[in-house]
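Here is a short set of exercises to work through with the model open beside you. Try each task before you read its solution.

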Amino acid sequence: MFYLPVVTPWWFTNVVVHLIRTMARAHDVHVLIAPLWRSTGIGEEQVDLIADMGHVFWHLLDGPDHPVLRSDASDQDDLFDLVDAIDPQLVLCRSADIATPARFPGVVRYIMEGAAPPLRTAANWVYLAPTLFDYGVMPQLSEEQAAKLDELAAPLWAEMHAQIDWPSKENWLAQTGLRSDKCIIGLPLEYEHEENFFGQHHRYPNNAEMIAGIAAKLGNDHVLAVTNHPLNELYSDNRAVEQAIVASAGKAALLDSSEVPGDATLALSKHCDGMVVGNSKSWSACAALGTPIARLSDFATGTWVNAKNDVADLLTAVGQNAATPPDPAQGKRWFAFHLANNAFDPTDPALNADDLIARMSTPVDPVRWEPALSRYRARQWEVAA
């Protein structure tokens, strides 16, 4: 069963329809999806994509209160009656609401972004996660499995770092206008748009209040260096963010984006003294580059990341030159595990239903590690393009 209350047209077209087709070639598939609202759900433009999929059971959740499916459907008895009647063994969700899928039968997984900067992957890569934003969490591995990952990690780590043309810190400071005598705290903003219902899990109501709240904690010897999310720059109204920067009276600065989406945040991750993240994927760039972080989130973070839970703790540690960066050996292992075991291309012609089922029922499978890395390397030209 696919439960898709917050799937956007882009996600449906580039990710989910491929997973539905893959599963439906071998199994009965039910799709629960709402009509288009706030750029989530299914609309007329998606009909052609599914015109030949009559063998899939489509359930349009079009009741008058369908908007609540996006944020909290825990009191929708009709929904649970439908799911109980289907009685799925496996459930793949694109949902910002974790309370509702927790009540579904079967194995439940969330279809989440597979990007882990500075790894270069295509925008539609995903992984099937047990929850939304657990970052850097590693399963219990045998000694043999850990050793195998470490072996696979060495060339991957070198390739990953070689892909980025890092500016020197001197050049970066000149480009950004930041002062070398200030302690630089990085803040990558999260995607903020009416279609993004995952924002309900953020510590702050919006990006502007996050800037104001963190800037208020800084001393005169700090500066909060902010990078905007690339999709905010394309689709969002950024006036509140700009006003928050102005209101900070010099404690915060909004860095110009680069020509390559995400590269401004990568450079910030490398050269800042510490970074504050919420549920942004930019945490992994800090993990790769040895940058201390504070993570403001109710979701889990791997212990090896050594993330502070509070901005003040990060500021104190950085000021005393005592901030503990992410563990580099464990970081190498995590990146290898993520790419070899978790992340995949939903359009890969080699993908079949058994692969998807294995990813849900067998979270750790060394059998797929080397083939996954081989396919990743073989598709690098597509990533570059």
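**Exercise 1. Find the loop that holds Pro-118, and describe the peptide bond that joins Pro-117 and Pro-118.**

Step 1. Pro-118 sits in the loop between E5 and E6. Helices (H or I, at least four residues) and strands (E, at least two) are DSSP runs, numbered from the N terminus. This is a predicted model, in which local features need pLDDT of at least 70 and side-chain atom pairs count only at pLDDT 80 or more, while totals for chains, interfaces and linings use all residues. Residues are numbered from 1 along each chain as its sequence is written, and side-chain values use heavy atoms, with hydrogens and water left out.

Step 2. The bond between Pro-117 and Pro-118 is cis, with omega about 10 degrees.

Step 3. For background, most residues other than glycine have a negative phi, and most peptide bonds are trans.

**Exercise 2. What sign does the phi of Ser-39 have, and where is Ser-39 found?**

Step 1. The phi of Ser-39 is positive, at about 60 degrees, although Ser-39 is not a glycine.

Step 2. Look for Ser-39 in the loop between E2 and helix H2 (47-50).

**Exercise 3. Work out the strand order of the open sheet of 6 strands, then find helices that lie on its strands.**

Step 1. The order is E3-E2-E1-E4-E5-E6, and the pairing is mixed. Two strands pair if DSSP finds at least two bridges between them.

Step 2. At the edges are strand E3 (57-60) and strand E6 (126-129), each of which pairs on one side only. From one strand to the next, the twist averages 20 degrees. Here axes are lines fitted to C-alpha atoms, for helices over the stretch in contact, and angles run from 0 to 180 degrees between N-to-C directions.

Step 3. Strand E1 (residues 2-4) and strand E4 (residues 90-93) run parallel and are joined by 2 bridges. Tyr-3 has Cys-93 as its bridge partner in E4.

Step 4. Helix H1 (residues 9-24) packs on this sheet and touches E1, strand E2 (30-33), E3, E4, strand E5 (107-113) and E6. Contact means heavy atoms within 4.5 Å. The direction of H1 makes about 145 degrees with that of E5.

Step 5. Helix H13 (residues 353-361) lies across E4, E5 and E6, and runs at about 90 degrees to E4.

**Exercise 4. How do H1 and H13 pack against each other, and which residues meet?**

Step 1. Their axes are 8 Å apart, and the packing angle is about 105 degrees.

Step 2. H1 and H13 are therefore roughly perpendicular. Angles of 65 to 115 degrees count as roughly perpendicular, those under 35 as roughly parallel, those over 145 as roughly antiparallel and the rest as oblique.

Step 3. From H1 come Leu-19, Thr-22 and Met-23, which meet Ala-353, Leu-356 and Ile-357 of H13.

Step 4. By class, the contact of H1 with H13 has 5 nonpolar residues, 1 polar and no charged. Ala, Val, Leu, Ile, Met, Phe, Trp, Tyr, Cys and Pro count as nonpolar, Asp, Glu, Lys and Arg as charged, and the others, Gly among them, as polar.

**Exercise 5. In what order do the 5 strands of the other open sheet lie?**

Step 1. The order is E9-E8-E7-E10-E11, with parallel pairing.

Step 2. Strand E9 (252-254) and strand E11 (293-295) are the edge strands, each pairing on one side only.

Step 3. Strand E7 (residues 183-188) runs parallel to strand E8 (residues 222-227), and 6 bridges join them. Gly-186 stands opposite Ala-225 in E8.

Step 4. Helix H6 (residues 207-215) packs on this sheet, where it touches E7, E8, E9 and strand E10 (274-277). The direction of H6 makes about 165 degrees with that of E8.

**Exercise 6. At what angle do the axes of helix H12 (residues 328-342) and helix H14 (residues 369-378) cross?**

Step 1. The two axes cross at roughly 90 degrees and come within 7 Å.

Step 2. H12 is therefore roughly perpendicular to H14.

Step 3. Among the residues that make the contact are Phe-337 and Leu-339 of H12 and Trp-369 and Tyr-376 of H14.
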